[in-house]
Amino acid sequence: MVSFPSPPETKKNDRATDLAESGWRVITVYQPDGTITQNQVPLTPEEFLHPQEGYHLPNSTFHDDIAGQAKDILTRRYANDPTTGVFRDLLIEWDIPGQGDHCPDTFVAFGISNKGENRSKFIIADEGVRPSFILEVVSPRYRKEDREKKVLEYARTRVSEYIIIDRRLMRGQVIEEVLGYRLVEGLYQPITPDEEGRIYCSTLGVLMSLHNGCLVIEDANTGERLLSSLELEAANQELGQQTAEMAALLERYRERFGDLSDNQDS
């Protein structure tokens, strides 16, 4: 995904890892001999917090999996609602003077128009609504930005709920956290998890938790776990296999004992 000069291999890998963890942007460098090169430079904390188009934000397999699961599951939940949009890695331009753009991992906005419209940016002044729910997966290089600064800024921009997914090593042990904040009279108040460690998201009517690095979302009213597309596909394949096995078993029965209706008539 990111290319660098090949030698030496260790330095190449170190730089690729550094840029993947910090995020990067491209700058144009004019050499004394008149040649022009494109260089990748790490993002600063401010650039991470308020990115612009063309910036490449930090990523990892865990980060991508969780953000992808959230987007997929919530998109399925609101698939038949033409006024609810679920977006991932889309810049938000706020309607508050001096407030820089954000690019949440996943967010949900209610009351939108033209749900299927191709958006390169979510412009609050044009949309007429603001996100009600934002989910961020913590980037280790910018833990303070995700866990502290965005708490203040998302409250300032009047996002009803902000959910933080964090996973880190502490004393050799993997610590998984789901943190939640709900807007109350203009300020964020922490959402207390239930006895199972689940965070209740009132805006979506769901419970969120982490289990072995996997995001679990349950309907708060029914307790039903909401499946991702991959999980649903696997469940359908299993159901199809069971149906095929039952059909084969029934066919063997017919070959041995005849049709069930014939047996009933006799």
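Begin by selecting F110, which counts as partly exposed because its relative accessibility is 25%, where buried means under 20% relative accessible area, exposed over 50% and partly exposed in between, for a 1.4 Å probe and protein chains only. Before going further, note that this is a predicted model, in which local features need pLDDT of at least 70 and side-chain atom pairs count only at pLDDT 80 or more, while totals for chains, interfaces and linings use all residues. Residues are numbered from 1 along each chain as its sequence is written, and side-chain values use heavy atoms, with hydrogens and water left out.

**Stop 1: around F110**

F110 is found in strand β5, residues 106–110; helices (H or I, at least four residues) and strands (E, at least two) are DSSP runs, numbered from the N terminus. Now add T84 to the selection: F110 and T84 are 26 residues apart in sequence, yet their C-alpha atoms are 4.5 Å apart in space. If neighbours within four places in sequence are set aside, F110 is in contact (heavy atoms within 4.5 Å) with Y78, T83, T84, V129, S132, T203 and L204.

**Stop 2: the whole chain**

Zoom out to the full chain, whose secondary structure comes to seven helices and 13 strands. Of its 266 residues, 37% are buried, and among contacts between residues at least 6 apart in sequence, 53% join residues at least 24 apart.

**Stop 3: the hairpin of β1 and β2**

Select strand β1 (residues 24–30) and strand β2 (residues 36–42), which run antiparallel and are joined by seven bridges; two strands pair if DSSP finds at least two bridges between them. The two strands form a hairpin with five residues between them, and G34 in the turn has a positive phi of about 95°. To see how the strands face each other, pick out I27, which stands opposite N39 in β2.

**Stop 4: aromatic rings**

Next, select F48 and Y142, which form a stacked aromatic pair, 4.2 Å centre to centre and with 10° between the planes. Rings of Phe, Tyr and Trp (its six-membered ring) pair if their centres lie within 6.5 Å, and planes under 30 degrees apart count as stacked, over 60 as edge-to-face and the rest as tilted. This pair links distant parts of the chain, with F48 in helix α2 (residues 45–49) and Y142 in the loop between β7 and α5 (143–156), 94 residues apart. Both F48 and Y142 are buried. The structure holds seven aromatic pairs, and F87, F107 and F122 form one aromatic cluster.

**Stop 5: the nonpolar cores**

A nonpolar core is a set of buried Ala, Val, Leu, Ile, Met, Phe, Trp, Tyr and Cys residues joined through side-chain atoms within 4.5 Å. The largest one has 25 residues, and those with the most contacts inside it are F133, I163, I165 and M208. At least two residues of this core come from each of α3 (61–77), β7 (133–137), β8 (161–170), β11 (199–201), β12 and β13, and α3 gives the most, with six residues. A second, separate core of 20 residues includes A109, Y154, I164 and Y181. Return to F133 and colour its contacts, among them L74, F107, V159, I163, C201 and M208.

**Stop 6: β12, β13 and the loop between them**

Select S209 in strand β12, residues 206–211; S209 is buried, because its relative accessible area is 2%. Its side chain makes a polar contact of 3.3 Å with the side chain of H211, a polar contact being a pair of N or O atoms within 3.5 Å, where within protein one must be able to donate a hydrogen and the other to accept it, and residues adjacent in sequence count only if both atoms are side-chain atoms. Beyond four places in sequence, the contacts of S209 include V178, G197, C214 and V216.

Move to V216 in strand β13, residues 214–219, which counts as buried because its relative accessibility is 9%. Besides S209, V216 touches L207, M208, H211 and R225, not counting residues up to four places away in sequence.

Finally, select N212 in the loop between β12 and β13, which counts as exposed because its relative accessibility is 79%. Most residues other than glycine have a negative phi, whereas phi of N212 is positive, near 55°. For another positive phi, visit R158, which is not a glycine and has a value of about 65°, in the loop between α5 and β8; R158 is partly exposed, with a relative accessible area of 44%.
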